[in-house]
Structure formats: C-alpha cells, structure tokens
Amino acid sequence: MNAITFLGNSTMMIPSQCILRAFTRISPSKYIRDPAFRSYPSRFSSCVNQNKNPESNRILTPTNAVPFCTDRQSSVTTAQVVSEARSLSASTTCANDPTVGKIHTKNGLNVKPLDLERLKGDEKDEEVINGDDKRVNGDCYEGIKSNESEEEAWRLLRDSVVTYCDSPVGTMAAKDPTDTLPSNYDQVFIRDFVPSALAFLLKGESEIVRNFLLHTLQLQSWEKTVDCYSPGQGLMPASFKVRTLPLEEDKFEEVLDPDFGEAAIGRVAPVDSGLWWIILLRAYGKITGDYSLQERIDVQTGIKMIANLCLADGFDMFPTLLVTDGSCMIDRRMGIHGHPLEIQALFYSALRSSREMLTVNDSSKNIIKTISNRLSALSFHIRENYWVDKNKINEIYRYKTEEYSMDATNKFNIYPEQVSPWLMDWVPESSDCGFLIGNLQPAHMDFRFFTLGNLLSIISSLGTPKQNQAILNLIEEKWDDLVGHMPLKICYPALESSEWHIITGSDPKNTPWSYHNGGSWPTLLWQFTLACIKMGRPELAEKAVTLAEKRLQADRWPEYYDTRNGKFIGKQSRLYQTWTIAGFLTSKQLLQNPEIASSLFWEEDLELLETCVCVLTKAGRKKCSRAAAKSQILI
C-alpha cells in the first residue's frame with residue numbers, strides 16, 4: 001500500500017503471465033521512507049510462463065502472432081527530468097492481459113493514453129499516421145527478386161531472433177551451430193542489433209525494433225554496480241541475455257540479464273550503446289512514420305538521461321566526449337582512449353537526433369539549448385582540428401612547438417616527428433582527397449584512418465560537404481588498401497612491431513592486420529552504402545557490395561577477415577555473425593530503394609551555422625566570428 005501511495009493515482013495492473021519484480025528499479029533510499037521497502041534491486045526483470053520447455057537460453061523464431069510485453073518503470077535522479085519521471089506509472093503492462101490496454105499517468109496530467117501494439121495471426125497491421133490509415137505490408141518492396149545469398153541471409157537473420165515473453169526483442173550477435181562455446185556472442189548487443197533493426201524496418205517489420213527499444217529502455221534505469229561503484233544514471237547496457245529459470249512444477253521464469261560492462265572482457269564501458277539507441281529510435285520514427293514511440297514520456301525521459309550523462313560538466317577543455325580505451329566498436333586496447341573519432345561522430349549523431357525528437361516544453365528547453373550549443377562547438381572543433389589532407393599534413397610537418405599564445409598555430413603542441421613516413425607516402429597528392437584523423441588530444445594526433453568514424457561523419461554531416469566528398473575520394477583512391485578482397489578495413493594501417501607490443505599490450509587477438517588492428521569487417525557495408533548514397537555516389541557502394549556478395553555466403557558469413565587485403569577469414573572470426581548478415585541485407589535494400597536512405601542521414605543544419613559558439617570577448621580573448629565559422633563549415 002505504501003508503494004501504491006508513492007505512485008499516486010497510477011493504476012496497478014497485474015498481468016496474467018508477465019510478472020515484474022516491481023519497484024526494484026526505483027531508488028528506495030531516495031523516494032521510499034518505509035524501511036520495509038529498502039531492499040537491493042533485483043538483477044533481473046522477469047516473465048513467468050507455464051507449460052513450456054524450460055531451456056537455459058530460450059531462442060525462438062518469431063511468428064506473426066507476437067504479443068508485446070513491457071515492464072518499464074521510472075527511475076531517474078537528474079534534476080532536469082525528475083519532475084517528468086515522477087509522472088510515470090510504475091505499473092507492469094502486458095498484452096496477454098485483456099484488461100491492459102493503456103499506460104496511465106498520475107496527478108491528472110493531460111497525456112494521451114498510448115495503446116500497445118497487438119498482432120494477431122496473419123492479419124496485417126494497420127497504423128494510423130497523422131490521421132491517415134496506412135497498411136504495413138510484410139514486404140514493402142514488391143517485384144524485387146532476391147538471389148540465393150539474400151534468401152539465405154534472411155533465413156539466418158530470422159533464425160537469430162531472440163524472444164522474451166513470446167515477443168521478439170533482438171538478435172543474437174552470432175549463431176554458429178558448430179560453436180559449443182559462444183562466450184557472450186549469444187547475447188543481444190545494442191550496437192550489433194542496429195543493422196538488424198534497419199534490415200527489419202526496411203522490410204516493413206517494425207515490431208521487433210519497437211520491442212527492443214522499449215526493453216533496453218527498461219534496463220537503462222537499473223542500478224549498476226562495478227567493484228562497489230555505480231556508473232552514472234542513464235547508462236545503457238552493452239548487451240543483454242534472455243535466461244530461463246525453473247520455478248515450481250511446470251512453470252519457469254524468463255529474465256533479462258543485462259551487462260553494463262561488469263562482465264565484459266577488460267570491463268570496458270559501453271559508451272556507444274546509448275548513442276546507438278538514440279540513433280535507432282530516430283530511424284524507427286523516420287522509416288515507419290510512427291512518432292508516438294518517441295513522444296512517450298518514458299522515452300523522452302530516457303533520451304534526456306543519456307544526454308545529461310554525455311553533457312555533464314568535467315575538466316575537459318574541448319567539446320569532444322572524453323572516453324577510455326575500448327568504449328565503442330573497438331572494444332579492446334587499441335590506443336583510442338581520449339577523443340576517438342568514432343565516439344565523436346556517434347555523439348554528434350545522437351545529439352542531432354535528440355534535438356529532433358525532444359518535445360519542446362519548460363522542462364526540456366534548457367537541455368535543448370545545451371545540445372544546440374554543443375553541436376555547434378563540436379562540429380567546428382572536428383572540422384577545424386581533425387581534418388587532414390596533403391596540404392594540412394605538410395603544415396603540421398612544419399609546425400613550431402612550445403607556442404604560448406592565444407593565437408598559436410600549433411594549438412595542441414603537436415610535434416612534427418609524429419607525422420609518420422607511412423602517412424606522407426600514403427596520402428594522395430590531390431587536394432580533393434582527405435580524411436578525419438582518429439584522435440586528438442594535447443601533444444598527440446592519431447593519424448590512422450578509422451573507417452566507421454569517417455563514414456558516420458559523412459552520414460551525420462559532421463564534416464563539411466567538401467570534406468565528405470574528399471573522404472569518399474580517398475576510399476576510391478586507396479581502394480586496394482581500404483577494401484581489397486573484402487570491404488572494409490576497420491582502421492588503416494595496422495599497428496606492428498614495437499607499436500603493437502606497446503599500444504595493444506601484445507594482444508594476441510589484435511595482431512597486425514587482424515580483428516580491430518587492421519581487420520576487414522563486412523558489417524561496415526551498410527554505413528558505407530548510406531554515405532555513398534548521400535553523396536550521390538551509389539556506384540561505389542554497389543562495387544563494394546558485389547565484391548562482398550561473391551564470398552560471404554561461401555565463407556559462412558564471417559565476423560571479420562584478416563591480412564593486409566582481407567583475403568583470409570579471421571583466425572578467431574565467428575561464423576554466421578549476425579551483423580555481417582544484417583549489414584549485407586541493409587546495404588542491398590538501400591541500393592534497391594535509395595530514396596529511403598534520406599530517412600537515415602542528416603543534411604547540413606543551417607540553424608547551427610547561425611550559432612556563434614565563442615562567448616569570450618568580455619575576457620579579452622579572441623572571438624571566432626560567425627563569418628569565420630561559416631567559412632569552415634561551408635567549404
């Protein structure tokens with residue numbers, strides 16, 4: 001009853017099959033004064049079922065009849081969102097209960113109740129979008145003949161689907177029938193699921209994506225503890241696993257078991273998970289036309305919690321996001337700690353997505369203003385300081401050092417000796433070729449070419465239009481190095497000899513030209529395809545997809561390829577890797593329907609160009625004029 005009093009006028013709903021261990025995600029010491037309710041939160045959210053086989057890891061292929069189950073609760077402590085969070089119901093809802101049809105809010109707030117999705121048999125969904133009824137066909141693009149490799153890819157992708165409460169909630173990282181020790185590859189990774197989600201959305205199958213977004217949102221609110229320390233509110237898990245626990249008689253309990261990095265190899269922080277979640281949330285709305293999901297109060301709160309975590313004040317002097325090594329796709333020690341390009345491009349994309357999706361009201365106007373200011377500063381910083389081409393490298397090679405001045409040319413005190421001989425030999429002569437470097441911090445420039453960061457910079461318009469074209473020009477010019485026998489290199493060049501020993505710690509998995517250290521990753525195809533379509537160069541993407549298609553099926557869809565030109569399957573590569581399969585399918589669908597690609601990338605934001613990010617004139621410091629900022633942005 002104390003709990004019901006705490007929830008105000010929320011309607012308590014007890015589903016018939018899906019049972020949440022209620023109130024475990026709310027911080028008891030902060031909101032509930034009764035000591036009886038001050039217990040540690042449960043590790044799992046759970047769902048009780050009857051008369052089913054109690055397997056330890058229940059993986060099923062979904063049918064058209066997939067009831068939706070969610071047990072989202074509110075748990076936030078950040079001052080900017082707590083008022084909205086208190087308006088949320090902590091009730092558990094499940095479509096299996098006929099009495100459950102709406103999400104209720106308390107205190108009489110004028111919020112429109114949201115109907116949960118219900119799918120029945122083979123009936124087609126009807127969605128009402130902006131007042132118009134639209135049928136969602138099982139295949140949006142009729143008349144396209146799938147070849148054998150595509151058919152096998154779709155079969156494998158559907159076979160990798162993971163269900164929870166009889167609803168699809170994601171795809172396993174890999175499902176190799178011959179692999180007896182899957183490690184954590186049988187889990188659903190937020191990062192890995194993104195290409196799977198896009199493949200399903202482009203196919204007209206949106207429910208699995210909606211379920212994934214809502215269930216991972218639930219996990220965001222859990223209290224996380226690693227070695228007696230709790231990370232910041234808003235952190236998304238790297239992955240989760242559906243486990244089955246036996247109960248009495250013929251019953252068993254399904255639980256979601258998240259990993260926030262406390263079980264990961266190296267205990268790496270999943271910095272990119274929340275950023276990918278926001279990007280996928282935007283893509284869901286853009287492709288389906290269903291914006292009701294992102295307008296939900298709990299989803300709005302989740303966006304704000306991630307943004308607050310990323311925008312928190314610290315000691316850093318730059319608008320870039322400071323992270324540890326291994327906090328993104330490259331999740332092992334590879335010398336990317338500091339301000340890696342991949343994280344900055346994801347950060348920029350997530351901030352732009354948040355700015356689009358956040359509802360403007362009194363409680364959100366401050367964070368929207370903060371996001372806009374950060375976007376302006378971040379884009380200027382990356383475009384100005386991360387960009388290199390032949391002329392810029394020559395300028396760095398002639399830098400003077402130890403400059404103490406507000407007008408210093410060598411602002412980061414970069415030593416010319418950092419310009420390696422490989423770079424001077426490798427960079428093309430043409431000024432129409434260039435790229436964004438991998439990392440920048442005081443006295444350090446990482447000149448390696450990181451493919452994902454550069455592709456995301458094109459997709460999100462973090463780079464200028466001229467820079468974006470120059471990146472694709474470079475990839476075309478250096479095709480043998482960056483694509484070779486299998487697209488695409490995760491980074492170039494590989495760390496070798498003493499650099500490999502010192503930077504990776506002699507990592508036996510990241511040996512030169514393998515895995516993260518210069519390996520070739522077919523999953524990068526979908527980002528490359530999207531970037532090429534955006535810049536009006538789909539022929540480059542078609543060339544890469546055709547090259548990959550010749551081998552992927554025969555090689556059993558490997559995770560990555562080894563050697564300088566990607567000729568051999570990786571020595572520790574998992575087979576039937578889901579994001580390899582999904583990246584291929586997403587690329588094929590984007591090339592078949594390039595008009596849909598505009599839903600997934602961002603054009604230049606002219607409003608950001610009008611925002612002057614420097615407000616230091618009163619301190620007597622040099623102000624970067626609006627005209628100067630535009631000159632950097634619009635070249």
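Q: Is strand 7 enclosed or open to the outside, and why?
A: Count how many of a strand's residues are buried. This is a predicted model, and in it 5 of the 5 residues of strand 7 are buried, so the rest of the structure largely encloses that strand.

Q: Which strand pairs with strand 7, and in which sense?
A: Look for a neighbour joined by bridges. Here strand 6 (residues 161-164) pairs with strand 7 in the antiparallel sense, over 4 bridges. To see one position in that pairing, find Thr-163, which stands opposite Pro-168 in strand 7.

Q: What should I look at in the hairpin of strand 6 and strand 7?
A: Try the turn. There are 2 residues between the strands, and Cys-165 takes a positive phi near 55°.

Q: How many bridges pair strand 9 and strand 10?
A: You read this pair in the same way. Strand 9 (residues 239-246) and strand 10 are antiparallel, with 8 bridges. Phe-240 stands opposite Pro-258 in strand 10. This hairpin has 4 residues between the strands, and Glu-249 has a positive phi near 55°. As for cover, 8 of the 9 residues of strand 10 (residues 251-259) are buried, which leaves the strand mostly covered.

Q: Which side chain meets Asp-257 in a salt bridge?
A: Find the oppositely charged partner, then check where each one sits. Asp-257 meets Arg-243, at 2.8 Å from N to O. Asp-257 is in strand 10 and Arg-243 in strand 9, 14 residues apart. Asp-257 is buried, with a relative accessible area of 12%, while Arg-243 counts as partly exposed at 30%.

Q: Which parts of the chain does the salt bridge of Arg-352 and Asp-605 tie together?
A: Start with the distance: their side chains meet at 4.0 Å, N to O. Arg-352 lies in helix 10 (residues 341-357) and Asp-605 in the loop between helix 20 and helix 21 (606-609), so the pair ties together parts 253 residues apart in sequence. Arg-352 counts as buried at 9% relative accessibility, and Asp-605 does too at 13%. Then follow the links outward: Arg-352, Arg-355, Asp-605 and Glu-607 form a network of salt bridges.

Q: What does Glu-549 touch?
A: Leave out residues up to four places away in sequence, and you get Asn-147, Ser-149, Phe-584 and Lys-588. Glu-549 itself lies in helix 19 (residues 538-549). Its side chain makes a polar contact of 2.5 Å with the side chain of Asn-147, and another polar contact, of 3.2 Å, joins the side chains of Glu-549 and Lys-588.

Q: Where does the salt bridge of Lys-588 lead?
A: To Glu-150, at 3.8 Å from N to O. This pair links distant parts of the chain: Lys-588 is in helix 20 (residues 578-592) and Glu-150 in helix 4 (residues 148-159), 438 residues apart. Both residues are buried.

Q: What is the nearest side chain of opposite charge to Asp-176?
A: That would be Arg-556, 6.0 Å away; Asp-176 is buried yet has no salt bridge. When a charged residue looks like this, check for polar contacts: the side chain of Asp-176 makes one with the side chain of Thr-178, at 2.8 Å. Asp-176 is in the loop between strand 7 (167-171) and strand 8 (188-189). Beyond its neighbours in sequence up to four places away, Asp-176 touches Leu-575 and Tyr-576.

Q: How many helices and strands does the protein chain have?
A: There are 22 helices and 18 strands. For cover, 58% of the 635 residues are buried.

How values were computed
Residues numbered from 1 in each chain as written. Predicted model: local features only at pLDDT ≥ 70, side-chain atom pairs only at ≥ 80, totals over all residues. Heavy atoms only, no water. Buried < 20%, exposed > 50% of the residue type's maximum accessible area, 1.4 Å probe, protein only. Lys, Arg positive; Asp, Glu negative; His and termini not counted. Polar contact = N/O pair within 3.5 Å; in protein donor to acceptor, adjacent residues only side chain to side chain. Contact = heavy atoms within 4.5 Å. Pairing = 2+ DSSP bridges.
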